[in-house]
Amino acid sequence: MTATTLTSPDAAAAPPPRDVPLKTRLKRAERRKKLLHLALIAPLAVFLLVVFLWPIGALLKRSVDNPEVSGGLPATSTALEHWNGQGLPEASTLAVFVKELEAARGTTGLASAAKRLNTEMTGYRSLIMKTARAMPLPEGSDLQAGLTAIDLRWGEALTWQVMARAGKPYTSYYLLAALDHKLDADGAIIAATEDQAIYLDVLGRTFWMSLVVTLCCLALGFPLAYLLTSLPTRSSNLLMILVLLPFWTSILVRVASWIVLLQSGGLVNQALQALGIIDEPLQLVFNRIGVYIAMTHILLPFMILPLYSVMKGISPIYLRAAQSLGCPPFQSFWKVYFPQTLPGVFAGSLLVFILSMGYYITPALLGGPQEQMASYFIAFYTNETINWGMAAALSTVLLGATLLLYVVYSRYAGQSRTPIKTR
Amino acid sequence: MAEQASIQQEPHVTFSHVQKTYDGETLIVRDLNLEIRRGEFLTLLGPSGSGKTTCLMMLAGFETPTAGEIRVGGDVINKVPPHRRNIGMVFQNYALFPHMTVAENLRFPLSVRKLPAADIDAKVKRALAMVRLEAFGNRYPQQLSGGQQQRIALARALVFDPELVLMDEPLGALDKQLREHMQIEIKHLHASLGITFVFVTHDQSEALTMSDRIAVFDRGEIQQIDTAERLYEEPSNAFVAGFIGESNTFQGTLLERSGDACAVRLPSGTVVHARAADVGGVGSSTVVSVRPERVLLNGASGDCENRFTARVKELIYQGDHVRVQLDLGNQASLMVKTAISDLTHAIHPGQPIEVGIPATHLRALAPTPAP
């Protein structure tokens with residue numbers, strides 16, 4: 001009797017089926033949860049895809065896109081793909097070209113193809129226009145002779161080679177140009193001539209200025225972040241608000257006020273002159289000093305915040321421990337405290353550096369022509385010359401450089417952090 | 001020979017009239033006079049805020065005394081910065097440097113002292129062997145268990161051969177079993193090294209287990225400094241009696257006193273005979289205190305000077321002993337701890353029972369002043 005009452009609750013609860021493995025059952029149970037989580041982040045994922053990844057991808061694609069010639073003279077471009085590039089193209093190819101040129105005469109497609117060809121070889125635009133105006137060629141005549149009669153250049157292999165190269169749907173032209181290189185007639189990569197080479201300089205300048213700004217931010221931000229962690233909560237909160245204050249002001253307002261402060265008749269120069277430190281006003285704005293001052297000011301919070309968050313987690317007891325072990329105070333700080341702040345130093349520097357690499361407004365307003373960074377040229381090509389290919393190529397190079405830097409950095413920073421991560 | 005003996009007698013550390021205040025209003029340490037003998041294991045025991053940690057920090061050099069002098073081996077060290085004191089210290093949460101391996105942590109105090117590399121290696125190896133963690137030199141502190149980190153912290157505080165080692169509640173973060181194990185281990189280490197240990201804790205059983213002497217702190221003053229046994233058996237005031245172990249205490253008035261013996265009148269009118277430990281004049285208010293295990297029940301109570309009849313309120317079985325809560329009437333109650341084997345008759349709640357307290361174990365003490 002007792003036995004039955006004891007076993008009955010077991011019998012009532014359905015025993016788990018033995019044939020389904022535990023892992024499968026766990027997966028089933030987790031699936032619902034996973035789907036729910038995915039559904040929750042789906043709007044964000046879609047948003048990011050539509051307004052971030054897709055436009056950026058489309059822009060980057062423009063750096064290798066080459067639509068003008070293959071769009072303006074599609075049949076010719078296709079026909080030239082089969083040409084081996086030696087001597088002159090076959091008669092059949094010429095026939096396609098002549099026919100297409102005649103049909104395309106006066107269209108915008110032909111005009112942009114001609115303009116594009118002109119960037120590869122000076123004079124190509126007028127060559128195309130002149131030839132198009134001379135169409136049609138007399139019926140049944142020798143096409144090669146007819147073309148050469150219009151212009152001698154049609155008898156040169158180079159003319160056709162340039163068209164064949166420009167007719168391909170993708171090109172490395174913009175990317176190479178952004179790195180001050182180009183393809184020569186044989187398709188080998190050569191450096192651009194000195195008067196044409198500007199972008200490597202610009203990139204180097206962008207890197208250098210970002211580095212200086214990062215170091216300035218680090219030098220100013222590190223002591224402040226340390227002060228923030230060692231002050232009592234009340235005063236550190238007040239100081240924190242002061243640190244964050246720049247975040248709440250428009251960047252344009254801040255740049256404008258720096259111009260007011262730093263100009264030759266501005267407050268800083270007046271004060272220095274009144275104190276008798278300088279006799280003549282210093283040139284502090286519209287040159288590199290002005291850009292450094294303003295960018296450091298604007299980016300300082302991005303350095304302080306990661307530093308502060310890391311320092312907040314380091315117990316002051318480590319410094320005491322180091323001293324109790326016989327290490328003088330400053331050495332203790334350097335050997336025990338500082339290495340523990342490195343993740344914050346890395347994070348802050350990376351943030352500031354990457355942000356400075358893309359800076360546009362501040363150098364544009366506070367710098368002279370020698371202070372313009374890569375973003376200025378991207379804006380220039382987008383807004384003024386409508387050269388999307390060049391703008392996209394410069395963006396790609398900038399993005400690539402940033403990513404490369406990030407990978408190198410995170411590998412190094414990641415290594416130094418591994419021991420702390422393994423718990 | 002006589003001179004050598006006098007050196008032996010000279011205290012290792014002396015606090016004389018040391019005061020400490022942080023805000024200029026309240027004294028965290030009131031008037032500290034303490035002599036720490038060379039080679040002893042002294043524990044500073046007290047509730048939190050009693051000034052024991054401040055006292056340790058002043059000795060380590062992280063706090064400066066507001067007044068008074070601290071001497072180590074005869075030299076005043078008030079103005080010596082912590083890194084020149086050559087005092088080993090184990091911190092509450094070990095404070096092992098997380099960016100260094102265990103071996104690098106142990107190496108740190110030695111390389112700061114610019115010892116030759118071969119000496120450093122030998123000492124590090126010896127220190128690791130001392131705490132039996134030879135195989136863990138290349139690990140990072142986070143990869144060790146709490147007990148292992150504790151042992152490394154200990155090894156690091158000892159590796160540079162200091163004469164004095166301070167420990168600030170080093171076992172607080174360990175679980176009970178490990179803590180008890182480490183207590184014994186530290187005690188043995190102390191015995192084998194023969195250097196002076198000063199240990200801070202608020203855990204009295206830890207203090208009783210490990211120490212040669214215990215200084216009981218309350219409100220910035222040392223209430224009593226003595227061996228574990230004397231602290232427990234002969235507390236010198238009501239605070240110590242209440243803080244160390246369990247006590248039954250009763251308020252009363254001193255009725256008469258002759259030498260060691262005295263009589264105290266309780267509010268109920270009962271007069272009890274007690275030992276005068278720390279009492280004022282006749283008529284002053286007094287606290288009488290007795291340990292639960294010193295109260296005798298039933299037949300055993302026959303020879304006691306103080307005998308009552310009480311009622312059993314509650315019985316708590318604790319395995320090795322039984323705790324009996326007795327009702328003395330007038331809302332007074334008495335806790336009795338008795339071994340199972342001493343309970344000849346079964347007792348039940350509600351039943352009246354004979355109780356006896358020997359006068360030698362009932363101590364009359366001055367009451368704790370109101371805060």
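**Helix 11 against helix 15, chain A.** I checked the hand of this crossing first: helix 11 of chain A and helix 15 of chain A cross right-handed. This is a predicted model, so I am reading computed geometry throughout. I then pulled the axes of helix 11 (residues 199-230) and helix 15 (residues 288-312) of chain A, which come within 7 Å and cross at roughly 45 degrees. That angle is why I have helix 11 of chain A down as oblique to helix 15 of chain A. I sorted the residues in this contact by class and got 22 nonpolar, three polar and one charged.

**Chain A meets chain B.** Next I looked up the interface, where 17 residues of chain A contact 22 residues of chain B. On the chain A side, helix 16 (317-324), helix 17 (329-357) and helix 20 (388-421) each give at least two residues. Helix 16 of chain A has the largest share there, with six residues. By class, I noted ten nonpolar, five polar and two charged residues on that side of chain A.

**Nonpolar cores.** Which residues touch the most other members of the largest nonpolar core? I found L59(B), A155(B), L166(B), V198(B), A215(B), V216(B) and A364(B), in a core of 99 residues. Helix 5 (residues 146-158) of chain B supplies the largest share of this core, six residues. I followed up A155(B): setting aside neighbours within four places in sequence, A155(B) contacts L106(B), A127(B), L128(B), M130(B) and V131(B). Apart from that core I logged another, of 51 residues, including Y199(A), L262(A), M373(A) and F377(A).

Note on methods
Residues numbered from 1 in each chain as written. Chains lettered and ligands numbered in written order. Predicted model: local features only at pLDDT ≥ 70, side-chain atom pairs only at ≥ 80, totals over all residues. Contact = placed C-beta atoms within 7 Å. Helix = DSSP H or I, 4+ residues; strand = E, 2+ residues; numbered from the N terminus. Nonpolar A, V, L, I, M, F, W, Y, C, P; charged D, E, K, R; others polar. Axes fitted to C-alpha atoms, helices over the stretch in contact; angles between N-to-C directions. Parallel < 35°, antiparallel > 145°, perpendicular 65-115°, else oblique. Left-handed = near helix turned anticlockwise from the far one by under 90°. Core = buried A, V, L, I, M, F, W, Y, C linked by C-beta atoms within 7 Å. Buried ≥ 20, exposed ≤ 12 C-beta atoms within 10 Å, placed from the backbone.
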